[in-house]
Number of protein chains: 2
Amino acid sequence: MTVLPGPAAAVELRPLPLSGVSVAGGFWARRLEANRAAIPLGRERLTEAGSIGNLRIAAGQATGAASGAGFRDSDVYKWLEAVAWEYARDPGEGLLEELRELGATIAAAQREDGYLNAVAQIRGEERYARLWMSHELYCAGHLFQAAVAAARATGEKRLLRVATRFADHLAGTFGPGRRGEVDGHPVVEMGLVELYRETGERRYLDLARHFVEARGHGRAAKPGFDPSHYGDPAHYSDRLPVRETESPEGHAVRAVYLAAGATDVAIETGDAALLATLRRQYDAMRRGKQHITGAVGSRWDGEAFGEAYELAPDRAYAETCAAIGTLQWAWRLLLATGDPLYADQIELLLYNALLPAVSLTGADYFYVNTLHRRTGARGEVQRSPAHGRRPWFNCACCPPNVMRTLAALPSYLATGTADGLQVHQYVPGTLTSGDLSVEIGTGYPWDGLVTVTVRAAPPREVELALRVPDWAQGARLGSLGRLRPVAPGTYARTRRLFRPGDQVQLRMPMPARVLVADDRVDATRGCVAVMRGPLVYAIEQPDQPDGAVLEDLRINTEVPLEPEHLPDLLGGVIALRAAGALAPGPAPTPYRPCEQPRPPAPPADLKLIPYYAWANRGPHAMRVWIPRKT
Amino acid sequence: MTVLPGPAAAVELRPLPLSGVSVAGGFWARRLEANRAAIPLGRERLTEAGSIGNLRIAAGQATGAASGAGFRDSDVYKWLEAVAWEYARDPGEGLLEELRELGATIAAAQREDGYLNAVAQIRGEERYARLWMSHELYCAGHLFQAAVAAARATGEKRLLRVATRFADHLAGTFGPGRRGEVDGHPVVEMGLVELYRETGERRYLDLARHFVEARGHGRAAKPGFDPSHYGDPAHYSDRLPVRETESPEGHAVRAVYLAAGATDVAIETGDAALLATLRRQYDAMRRGKQHITGAVGSRWDGEAFGEAYELAPDRAYAETCAAIGTLQWAWRLLLATGDPLYADQIELLLYNALLPAVSLTGADYFYVNTLHRRTGARGEVQRSPAHGRRPWFNCACCPPNVMRTLAALPSYLATGTADGLQVHQYVPGTLTSGDLSVEIGTGYPWDGLVTVTVRAAPPREVELALRVPDWAQGARLGSLGRLRPVAPGTYARTRRLFRPGDQVQLRMPMPARVLVADDRVDATRGCVAVMRGPLVYAIEQPDQPDGAVLEDLRINTEVPLEPEHLPDLLGGVIALRAAGALAPGPAPTPYRPCEQPRPPAPPADLKLIPYYAWANRGPHAMRVWIPRKT
């Protein structure tokens with residue numbers, strides 16, 4: 001599993017072993033199949049981009065110039081991590097061969113003293129001289145995560161040895177009494193803690209803690225470079241020490257990666273004060289800096305969190321990697337606290353922030369996940385959602401990040417404790433914690449019925465905890481015919497002597513929910529968003545009445561929305577039909593007296609689809625936040 | 001005057017001569033005094049930044065390395081233009097000395113063949129090899145404008161000779177059969193046409209026309225650089241030919257500078273089709289891409305126009321230079337067409353887009369003119385309005401642009417034709433067109449009464465045209481006691497035999513006006529903006545009730561706003577008092593069911609000040625668009 005707290009870690013919940021989770025059919029199985037099919041494409045694209053070539057050149061297996069920015073190695077490492085988790089889900093010789101072959105190249109590229117960065121080595125750059133941009137430690141962090149995944153998934157430790165040699169070199173280079181800089185882009189903290197967990201080497205944890213504590217003292221920004229975000233310590237999560245930060249700020253991916261790594265440190269060192277700070281930071285983000293999809297990041301300039309309540313749907317940056325970092329942070333907080341809030345967040349993120357970033361084919365990606373694309377939108381070819389999804393990017397952090405996260409999906413479904421099993425996400429398949437094994441049957445996320453059938457149980461009372469999502473008003477739990485109400489935003493617990501064949505059912509009504517944002521969110525005032533179950537919905541141009549321009553559609557919130565199962569649309573979805581109206585055409589002047597009457601709005605029907613499925617029919621206008629008919 | 005169409009130009013209106021306008025007291029006289037007082041500071045800051053030093057080094061008058069980006073010369077030229085117009089307004093030996101001394105340095109810095117760019121010369125850079133960023137032609141354009149201003153204001157032609165030598169060099173270097181590139185940043189087009197007007201050299205006009213027509217063929221973008229706006233031809237107004245452009249796009253300053261230059265070309269070549277295109281472009285901008293203040297530019301990334309209706313107040317880029325470029329464009333369209341729409345635009349821009357960019361002291365500037373600053377906002381130190389105004393910037397295009405525009409204010413007040421005078425802006429002082437001379441008396445913009453007293457008149461019927469602003473419902477015109485209604489958005493014309501002492505009065509009621517934006521503007525839905533006369537109003541934190549956080553204030557649009565004259569506030573303003581309410585505190589969840597009731601909002605009074613006056617009491621929260629109490 002990704003994230004495996006050590007024996008002494010301060011956690012409430014523990015991940016299930018790799019063998020303790022299997023996914024069998026249903027919504028996510030199709031997404032995982034598509035992801036697996038995309039993995040060979042990932043290798044082709046990494047090769048085409050020169051990212052694998054860089055490592056081969058550094059290893060002396062090829063010749064040529066280095067390709068791309070200094071952090072290209074990290075794309076390869078993330079892809080290798082995806083290969084490892086895929087091997088754990090379903091072993092295959094091809095996957096193992098990939099790990100061995102690329103692992104050998106990486107080992108050959110490593111310098112005698114443990115240093116490793118293909119681009120810097122080929123270009124002969126001074127080590128660690130431009131950490132704000134070279135991201136040598138960021139690459140190290142991804143190498144560590146990949147190496148740990150490979151060791152856990154295959155038992156083979158070749159890549160782990162490369163990782164520990166690099167980590168030993170870092171431990172001898174950075175820290176108190178040594179070099180004091182931090183990397184412009186966090187991730188090495190998470191990587192070092194995982195390496196500590198896998199090897200038991202305490203100095204990796206110490207170095208991670210050092211990197212966390214070293215933030216906030218102006219060690220990350222480019223010296224003397226002040227006119228833009230590159231000169232702003234906040235861009236690097238370096239304006240304030242982690243312990244004094246109230247709300248994540250600056251570059252969103254960096255901020256949430258750092259917070260996830262700091263949570264790892266808090267867990268392994270039992271640092272309750274640090275954990276409390278991180279919980280407060282998460283809450284501040286959730287209340288004022290998180291889009292309704294769970295995505296974070298409001299600004300294109302600096303790829304940054306904006307200020308609190310700055311959440312414009314059309315300019316949402318909502319980088320795919322930021323959603324993944326938020327997921328990693330939420331998972332660590334869930335393990336540390338057992339608070340169902342974080343499991344609710346993981347659900348929200350998986351369905352509405354991670355999944356929209358990849359096409360239904362599994363092979364094309366969004367870097368930026370907008371919540372609103374206008375008719376005829378233009379934008380830069382690389383990142384702009386105006387162009388639809390892309391197979392790869394010049395800065396290709398997102399695609400392999402999606403691959404490794406989907407491949408690791410089983411990690412996030414359930415946890416175990418000494419006396420029970422906690423089910424956080426509802427996916428058909430089998431979950432095993434110790435001698436308790438259950439089978440999950442559900443049509444989730446389309447249907448709110450979850451049936452848990454016990455397959456094996458210990459001869460003593462244990463507890464089965466099922467998350468009741470925060471949205472699940474009217475949920476009930478029990479055995480057939482004997483259902484009791486359970487509260488949304490809690491775990492519904494059943495403690496007893498289970499026997500094989502026993503069933504527990506959780507029934508969650510799934511009416512469409514019409515939501516508004518906090519009164520302080522300026523950009524969505526006068527609009528509503530629609531959810532059903534865990535899914536955020538959107539209107540996209542192809543589903544609307546002939547001739548209706550998406551910008552002109554208004555929703556009538558007085559009329560209940562009607563679900564409609566459409567098996568042939570977008571791989572099979574439940575769409576929602578809504579009553580609405582067409583706004584009158586543009587007024588003669590852009591700004592007019594507020595009392596000036598407008599022509600009446602003719603009625604028009606709207607059809608909503610799940611947001612994750614948009615942009616699978618070419619680039620069309622879309623919006624999550626729909627203006628209310630007034 | 002800035003912009004002096006040639007004898008054969010296709011214009012409806014012609015500027016008054018420099019001697020034909022004087023400003024005497026009132027609102028603008030104080031702003032012009034402050035601007036004049038800032039001119040010596042401008043020289044200090046240009047010296048401190050090394051911009052003047054660059055020219056001295058290139059001239060062999062000093063030694064050292066070049067400072068700053070390649071287009072630093074342009075800041076000096078814009079400042080020199082301000083000096084020239086100030087000299088025209090009120091001659092002073094000091095100003096003349098500045099022009100002569102710096103003019104001599106510039107002449108000495110010029111290469112034998114006419115080329116001139118201090119930074120490129122000092123650094124030994126290849127000429128015109130990086131036009132997307134070096135902006136050698138942009139610098140040339142500003143030199144031409146400064147040289148023409150100096151010639152018109154002083155009659156001395158030293159700088160004009162430098163300009164024509166450079167222009168001759170450009171005419172021999174660029175154009176059909178020569179180099180085909182265009183500069184990344186337009187402005188040379190306007191400069192060349194003005195140089196043509198001043199010298200009669202047709203090839204300057206031809207080269208300007210060439211630069212206009214050469215856009216739209218991918219000659220401006222940095223080759224092979226595609227992952228951001230620097231690789232997008234739209235960033236350089238180079239995606240489509242000018243004649244095929246429907247709406248300004250990309251970098252806002254570049255787009256409006258190009259459009260203004262293209263309008264100059266259309267005027268001087270009598271190109272009615274080009275003029276018609278440019279009028280359509282202006283209209284598209286006005287309807288969907290212009291903030292209520294007249295400012296343009298919605299995106300920090302790429303300093304760009306966004307899409308139509310993308311007009312978020314909090315992230316408005318609204319660069320000062322873009323407002324100035326829009327003003328220049330509108331002025332040229334007004335001359336070409338006589339359409340009062342453009343004079344209305346100039347009024348809007350002067351009061352609400354140019355003036356907010358400079359402090360009441362005249363010495364500190366905004367680069368970015370936000371319409372909404374949140375409580376506790378942060379941002380990059382250089383451009384972010386979160387920090388308040390600054391004396392100068394690393395990229396210092398805006399401050400000297402404000403200086404030259406305010407110094408040239410008399411240019412924009414009125415025009416003349418063979419048989420009359422058209423008054424576009426109401427400023428106390430004297431206007432003279434031929435043998436018709438009138439005195440304007442008014443308390444504008446606080447008061448809507450304008451009294452025009454004839455001081456000299458020809459012995460024949462002539463026409464006095466007074467603009468009735470588009471906002472002036474209920475306006476009346478006539479002599480004392482005999483007033484007739486006149487229509488907003490027109491010129492009220494009086495044709496007769498005038499005699500000295502005759503008076504014509506225009507009375508414009510000035511109630512506060514509560515406005516909403518087009519239904520398609522997402523970012524201001526549920527909000528109103530307030531104007532009174534030509535002024536946009538705003539709420540700023542220091543004026544609100546004790547303890548009321550600006551974000552929580554809501555305005556009650558059912559209760560009329562009350563004006564209040566406050567002579568001691570912000571140099572003397574009419575503030576507006578409004579009824580309102582305080583929104584309840586943040587909801588427990590950021591997204592909640594739309595039918596969920598909220599606690600009632602306690603009443604609170606709001607006080608609005610003119611937007612131009614904000615940020616003169618330190619950096620505080622401010623907003624132009626105020627959420628309505630619902």
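Rings of Phe, Tyr and Trp (its six-membered ring) form an aromatic pair if their centres lie within 6.5 Å; planes under 30 degrees apart count as stacked, over 60 as edge-to-face and the rest as tilted. In this predicted model, local features need pLDDT of at least 70 and side-chain atom pairs count only at pLDDT 80 or more, while totals for chains, interfaces and linings use all residues. Residues are numbered from 1 along each chain as its sequence is written, chains are lettered from A in the order in which they are written, and side-chain values use heavy atoms, without hydrogens and water.

**Aromatic rings**

One aromatic cluster consists of Phe27(A), Trp28(A), Tyr351(A), Tyr426(A), Tyr444(A), Trp446(A) and Tyr612(A). Over all chains, the ring rule gives 44 aromatic pairs. One of them is the tilted pair of Phe27(A) and Tyr351(A), with 5.6 Å centre to centre and 45° between the planes. This pair links distant parts of chain A, 324 residues apart: Phe27(A) belongs to helix H1 (residues 27–48) and Tyr351(A) to helix H14 (residues 340–354). Helices (H or I, at least four residues) and strands (E, at least two) are DSSP runs, numbered from the N terminus.

Are these two residues buried (under 20% relative accessible area) or exposed (over 50%), with partly exposed in between, for a 1.4 Å probe and protein chains only? Phe27(A) is buried at 10%, and Tyr351(A) is buried at 2%.

**Strands in chain B**

Two strands pair if DSSP finds at least two bridges between them. Strand E13 (residues 503–507) of chain B appears in both rows below.

| Strand paired with E13(B) | Sense and bridges | Residue opposite Gln505(B) |
|---|---|---|
| E8(B), residues 449–456 | antiparallel, 5 bridges | Thr451(B) |
| E10(B), residues 476–479 | antiparallel, 3 bridges | Gly478(B) |
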